[in-house]
Amino acid sequence: MTTTPVTFRRSKTDAPAVDGLSMPGQRPLTAPPSFHVMAKPTGAICNLDCAYCFYLSKETLYPGDRFRMSIELMETYVRQLMESQAAPEVTVAWQGGEPTLMGLSFFRQVVKATKRHRRPGQQVTHTIQTNATLLNEDWASFLAEENFLVGVSIDGPPELHDAYRVDKHGRETSARVIAGLDLLRQHNVEYNVLCSVHAANADHPIDVYRYLRDACGASFIQLIPIVERLSSNRAPGAVTDRSVTSDGWGRFLSAVLDEWLVHDVGSVFVQTFDASLAAWLGVPPGLCVFSETCGDAVALEHNGDVYSCDHFVEPEHLLGNIMDTHLLELVASEKQRAFGAAKRDRLPKYCRDCDVRFVCQGECPKNRFLVSPDGEPGLNYLCEGYKQFFHHADGPMRLMARLLQAGRPAADIMAIFARAPRNSPCPCGSGLKAKRCHGRATSAPATP
Ligand code: SF4
Ligand code: SF4
């Protein structure tokens with residue numbers, strides 16, 4: 001957070017006059033230097049009906065609405081976003097629902113608006129998170145031309161992906177997703193894969209990971225645990241049958257880590273592992289769930305309403321509307337700063353005393369609905385899994401941190417593990433024989 005006020009000057013622009021407030025003359029002291037906005041131009045509207053999607057129900061927040069962001073509102077948003085960022089990198093991120101339902105013409109106008117409002121020195125990255133089923137040649141050409149980074153949701157091989165990712169008729173979607181992904185690859189569009197981990201795929205970590213790496217060609221993978229809380233007074237910690245178990249999440253991450261350590265360090269970026277390594281290095285993780293505080297990633301609904309976070313699009317977490325109050329003022333507001341600080345301030349003692357708190361930080365507040373062993377509410381549902389994973393990762397993370405601190409690439413760990421005799425102590429320092437620790441990871445090397 002900066003304590004130096006920065007004066008904003010509106011850049012000269014040929015943009016049409018739009019509604020919305022002017023940027024305040026002085027940057028609020030509580031404003032973060034940069035922040036992320038997940039903009040939802042179709043609100044919760046999607047062409048698919050994924051069983052675990054937490055966002056589809058948000059449609060009820062706006063009864064009778066058409067759920068389409070107007071061009072005027074988009075222009076105001078893009079302008080305010082550009083004005084708000086003190087760091088030179090600006091990410092213009094679209095998400096849903098399914099943002100491609102807006103059609104290509106909307107995104108062509110987004111790119112034009114971004115060019116109009118870009119301030120000197122700003123580098124803009126366009127991103128879009130999509131289920132990829134509506135992509136065609138025109139979309140792929142556009143995304144390539146404008147250098148979009150495209151996030152595609154894939155939960156593993158077809159039989160695992162299709163367990164929950166179905167369309168409005170309950171039909172499987174994997175073939176349509178892969179067709180969309182193939183178009184992106186043919187057009188050399190940069191893409192990454194977002195994989196939700198749930199009851200159907202959690203017991204198949206290696207199948208899932210290899211499918212994403214080999215069949216999908218993913219070199220950047222986000223793994224997201226599906227935790228759907230059941231609201232029941234009788235069982236406050238209950239979750240749906242689709243949710244990943246805490247233990248299952250820990251085992252999934254540990255198994256993928258072992259595969260990654262043997263074959264893919266430096267060539268496949270797994271966001272959870274990268275963010276974890278940052279903690280072992282003592283640098284900010286770059287991932288809100290593992291940060292001590294959060295609040296620098298808000299959600300923008302189709303009508304300009306801004307909420308504290310994508311996972312807290314609820315009336316009590318509405319910050320305001322960008323047509324009434326500048327985006328930066330909403331992000332810097334006392335309400336939003338308190339939201340972000342609560343991630344740290346409401347951590348139960350059980351977490352504060354935990355040996356892996358430095359990396360876990362209690363994970364996301366949305367999952368903190370258990371009671372800790374000493375009777376305090378607010379323990380994360382995934383606690384057991386995270387403890388398991390972070391203890392499993394401790395040795396290799398320490399080793400990679402030492403490599404990096406010595407000026408060597410983290411990828412050197414692969415050669416260290418490969419050289420370790422199976423009956424010798426594992427180089428990770430666990431005290432186990434290599435064959436019972438990271439030497440047991442196996443198997444087929446990455447396909448080229
Ligand atoms: S509430 Fe959770 S998802 Fe939202 S910003 Fe905080 S840590 Fe991230
Ligand atoms: S592992 Fe569990 S106890 Fe430790 S910080 Fe994370 S949620 Fe808290």
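This section describes two ligand shells, two helix packings and selected residues of a predicted model.

Ligand 1 is surrounded by Cys-288, Val-289, Cys-294, Ala-297, Cys-309, His-311, Lys-343, Cys-364, Pro-365 and Lys-366. Seven residues of this shell are nonpolar, one is polar and two are charged.

Around ligand 2 lie Tyr-350, Cys-351, Cys-354, Val-356, Arg-357, Cys-360, Gly-362, Glu-363, Asn-380, Cys-383, Tyr-386 and Lys-387. Three elements each give two or more residues to this shell: α11 (349–352), α12 (357–360) and α13 (383–405). The most comes from α13, with three residues. The shell around ligand 2 divides into seven nonpolar, two polar and three charged residues.

One member of the ligand 2 shell, Glu-363, also has an unusual backbone setting. Most residues other than glycine have a negative phi. In Glu-363, phi is positive, near 50°. Glu-363 sits in the loop between α12 and β11 (370–371). Glu-363 counts as buried because 21 C-beta neighbours lie inside 10 Å, and the cut-off for burial is 20 or more.

A second positive phi is found at Asn-188. Its value is about 55°, and the residue is not a glycine. Asn-188 is placed in the loop between α5 (174–186) and β5 (190–197). With 10 C-beta neighbours inside 10 Å, Asn-188 counts as exposed. The cut-off for an exposed residue is 12 or fewer.

The backbone also holds a cis peptide bond. Most peptide bonds are trans. The bond from Gly-96 to Gly-97 is cis, with omega near 0°. Gly-97 belongs to the loop between β2 (89–94) and α2.

Helix packing was examined for two pairs. Two packed helices are described by the angle between their axes and the distance between the axes. Helix α1 (residues 71–84) and helix α2 (residues 104–117) cross at roughly 40°, and their axes come within 9 Å. That angle makes α1 oblique to α2. The crossing of this pair is right-handed. On the α1 side, the contact is made by Ile-71, Met-74, Glu-75, Val-78, Arg-79 and Met-82. On the α2 side, Gln-109, Val-110, Ala-113, Thr-114 and His-117 take part. Six residues of the contact are nonpolar, three are polar and two are charged.

The second pair joins α13, already named for the ligand 2 shell, to helix α14 (residues 412–419). These helices pack at an angle of about 125°, with their axes 10 Å apart. The pair is therefore oblique. The crossing of α13 past α14 is right-handed. Pro-396, Leu-399, Met-400 and Leu-403 of α13 meet Asp-412, Ile-413 and Ile-416 of α14. By class, the contact holds six nonpolar residues, no polar residues and one charged residue.

Ala-332 was examined last. This residue is part of helix α9 (residues 327–332). Ala-332 counts as buried because 20 C-beta neighbours lie inside 10 Å. Neighbours within four places in sequence aside, Ala-332 is in contact with Pro-28, Thr-30 and Ala-31. Ala-332 and Val-78 are 254 residues apart along the chain, and their C-alpha atoms are separated by 18 Å. Val-78 is also one of the α1 residues in the contact with α2.

Note on methods:
Residues numbered from 1 in each chain as written. Chains lettered and ligands numbered in written order. Predicted model: local features only at pLDDT ≥ 70, side-chain atom pairs only at ≥ 80, totals over all residues. Axes fitted to C-alpha atoms, helices over the stretch in contact; angles between N-to-C directions. Helix = DSSP H or I, 4+ residues; strand = E, 2+ residues; numbered from the N terminus. Parallel < 35°, antiparallel > 145°, perpendicular 65-115°, else oblique. Left-handed = near helix turned anticlockwise from the far one by under 90°. Contact = placed C-beta atoms within 7 Å. Nonpolar A, V, L, I, M, F, W, Y, C, P; charged D, E, K, R; others polar. Near = placed C-beta within 6 Å.
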